[in-house]
Amino acid sequence: MLYRHSSAGARESTSSLLTPFTCLAAVLAATLLFSVQAPAAVTFTASEIASGDQYGNSIVSGDFNSDGILDLVTVNYSTISFYKGLGGGEYAAPVNSTGFGGQAVAADFNGDGNLDLAVTYLGGAQIFLGGGDGTFTEGASINDQGYVTTNIATVDFNGDHIPDIVVNECPLQSPSCATNVYLGKGDGTFEQSANLGYGGYGLVVGDFNADGYQDVAVIDEYYAGFNGVIVYLGEGNGQFQNPLMLKLTDSTLDIAVGDFYNDRIQTLAILTEGTNNDAYIQTVQYSDGQLVASNPQVAYKMPSPYVSFYMVAGDLNGDFKDDIVISGYYSQYSNFDPSSPWNLYMLGTGKGTFDAHVNLPTYSNEDEYPFIRDLILDSRHDIGLAWSANSSGGGGAFVLLNQNAKTNCDPPPANALGVNICAPTEGEIVPATHTFKGAGNAFNGIAKRMELWIDGTKVGQNLEDQLNVKTTLTAGTHTAAFVVVDSFDSYTSKSVTFTVK
């Protein structure tokens, strides 16, 4: 049975040519001119697939059967559903394994070449080992001391290219929560490396001070009485500096990370709630040892009663400026209004602000944990969400396929860390000023960064899976190396030789 979509800054890679973490000033000084023009609005086709379980709690994408096509997995009330990707936006009927939990992340935690899951739940975090065919078996538990884990992320905190995890943890019957870091051993087990003093209601990772090490950012309004954002700067060994804290005026709802200033540095976007159900968005940057917030910008009027919010960042319209997607949990299904701003996006300007919100297709009264990724390898970024119908039961995967974003370069298959070069071609004769186009993909995690090196010198990068760099070169023969880096700072490259006339 087929389902068809039918309704409308981290650590630098190294090699013989690549030196560790090239000075950021050199990157910013390079000639980076993006020759793309964004459409006025991004349109999507939507489809939903039922898991057969009672609720859909979260969703992830990845190539879980190593065929090069991205699949979907939802974590449900009592099962884990695998939706095999068939290409072109089609998915097979779900195959269910026994499982449970809330938010999930995917990576190869035990080094067997198959994608696994790490999932939050009421007693801690749980590893589910992938069988390479879309099935999962229960693996190790992480901190099964009766803690409620609310958010989870996976990156490499200590430079060994092995997936680590960070989770928000809250002891039962206690208002005090924390964020804990667990380093992966590479065999599917973990050991704690750091206990961070705040957490509980929002968690992202990124390199906010551009030192090449992964940092942690959390919001902690409800559990510690601090209404704002807290950043822990990583030291590259699983340890972290003292927290940087920035108090915000309005009630914090969620947090996302992206390149919102188009400067190749990751910054934060914070969603807050003001008076009269007004939702605000503002960015937070690291600067000279402190956090600096932009002025709040009205995002949209929230329908009431809203209960939960989910926000993620990525480039939706192909202009190489990060945008945001917001989804939510509407508590009264009987009053559910699909025309209200329920799922929405806001296009980024590249200046830390966003254009007016645009409504997205909506399904059910709860659409959770959105992600942005090129699901069908057409160089346009799509959106995936988990859906639940809390009044009548049911849940599953909800996918929005991008229809009209500006295209750049189709990425390679998803079963390996790889690069596709679209321009220039091998042996091509190009003018002195030329636009270099490439795309990357990753099996383990995502392609979080692409770099362009010409004759051993880095001339540009983008913090995503697409690369588009315009630069001017001298006459003669040159070699361009396109590099892709995944979530855990593993990298690969592909080169092309060309001639400037």
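Two strands count as paired here if DSSP finds at least two bridges between them. With that in hand, here are some close-up views of this predicted model.

**View 1. Strand S14 sits between two antiparallel partners, S13 and S15.** Let's begin with the pairing rule at work. S14 and strand S15 (residues 178–184) are joined by five bridges and run antiparallel. Within this pair, look for Val 167, which faces Asn 180 of S15. Strand S13 (residues 147–155) also pairs with S14 in the antiparallel sense, this time over seven bridges. Here Val 148 stands opposite Cys 170 in S14. Strand S14 covers residues 164–171, and seven of its eight residues are buried, so the rest of the structure largely encloses it.

**View 2. The whole chain, for orientation.** It helps to step back for a moment. The protein chain contains one helix and 40 strands. Of its 501 residues, 60% count as buried. The chain exposes about 17,800 Å², and carbon and sulfur atoms supply 49% of that area.

**View 3. An open, antiparallel sheet of four strands runs in the order S3-S4-S5-S8.** At the edges stand strand S3 (56–62) and strand S8 (95–98); each has a single partner strand, so one side of each is left without a neighbour in the sheet. From one strand to the next, the twist averages 20 degrees. Strand S5 (residues 79–83) runs antiparallel to S8, with four bridges joining the two. One place to find this pairing is Ser 81, which stands opposite Asn 96 in S8.

**View 4. Thr 79 in strand S5 and its contacts.** Stay with strand S5 and move to Thr 79, which has its place there. Is this threonine buried or exposed? Thr 79 has a relative accessible area of 15%, and the cut-off for buried is under 20%, so Thr 79 is buried. Leaving aside residues up to four places away in sequence, Thr 79 touches Asp 53, Thr 74, Asn 96, Ser 97 and Gly 99. Asn 96 may look familiar, as it is the residue of S8 that stands opposite Ser 81.

**View 5. Another open sheet of four strands has the order S17-S18-S19-S20, with antiparallel pairing.** Its edges are strand S17 (203–206) and strand S20 (244–247), each with a single partner strand, so one side of each lacks a neighbour in the sheet. The twist from one strand to the next averages 20 degrees. Strand S18 (residues 215–219) and strand S19 (residues 228–232) pair in the antiparallel sense over four bridges. To locate that pairing, find Val 216, whose bridge partner in S19 is Tyr 232.

**View 6. A disulfide joins Cys 409 and Cys 422.** How many disulfides are there in the model? The count comes to one. In this disulfide, the sulfur atoms of Cys 409 and Cys 422 are 2.0 Å apart. The torsion about their S-S bond is about 80 degrees, so the disulfide is right-handed. Cys 409 lies in the loop between strand S32 (395–402) and strand S33 (418–423), while Cys 422 lies in strand S33, so the pair ties together parts that are 13 residues apart in sequence. Cys 409 is buried, with a relative accessible area of 2%, whereas Cys 422, at 33%, counts as partly exposed.

**View 7. Salt bridges among buried side chains.** The count of salt bridges comes to five. One of them joins the side chains of Asp 489 and Lys 448 (3.0 Å, N to O). Asp 489 lies in the loop between strand S39 (476–486) and strand S40 (491–500), and Lys 448 in strand S36 (residues 447–454), so the pair ties together parts that are 41 residues apart in sequence. Asp 489 counts as buried at 5% relative accessibility, and Lys 448 counts as buried at 17%. Lys 458 and Glu 451 meet in another salt bridge (3.8 Å, N to O), and both are buried. Arg 449 is linked with Glu 451 and Lys 458 in a network of salt bridges. Look also for the salt bridge between Asp 259 and Arg 264 (4.0 Å, N to O); both of these residues are buried.

**View 8. Phe 320 and Asn 462.** Phe 320 is found in the loop between strand S26 (306–314) and strand S27 (323–330). At 6% relative accessibility, Phe 320 counts as buried. Its C-alpha atom is separated by 7.8 Å from that of Asn 462, a residue 142 residues apart from Phe 320 along the chain.

How values were computed. Residues are numbered from 1 along each chain as its sequence is written. This is a predicted model: local features need pLDDT of at least 70, side-chain atom pairs count only at pLDDT 80 or more; totals for chains, interfaces and linings use all residues. Side-chain values use heavy atoms; hydrogens and water are left out. A disulfide is a pair of cysteine sulfur atoms within 2.5 Å. Buried means under 20% relative accessible area, exposed over 50%, partly exposed in between (1.4 Å probe, protein chains only). Axes are lines fitted to C-alpha atoms, for helices over the stretch in contact, and angles run from 0 to 180 degrees between N-to-C directions. Contact means heavy atoms within 4.5 Å. Accessible areas come from the Shrake-Rupley method with a 1.4 Å probe; for residues, only the protein chains shown count as cover.
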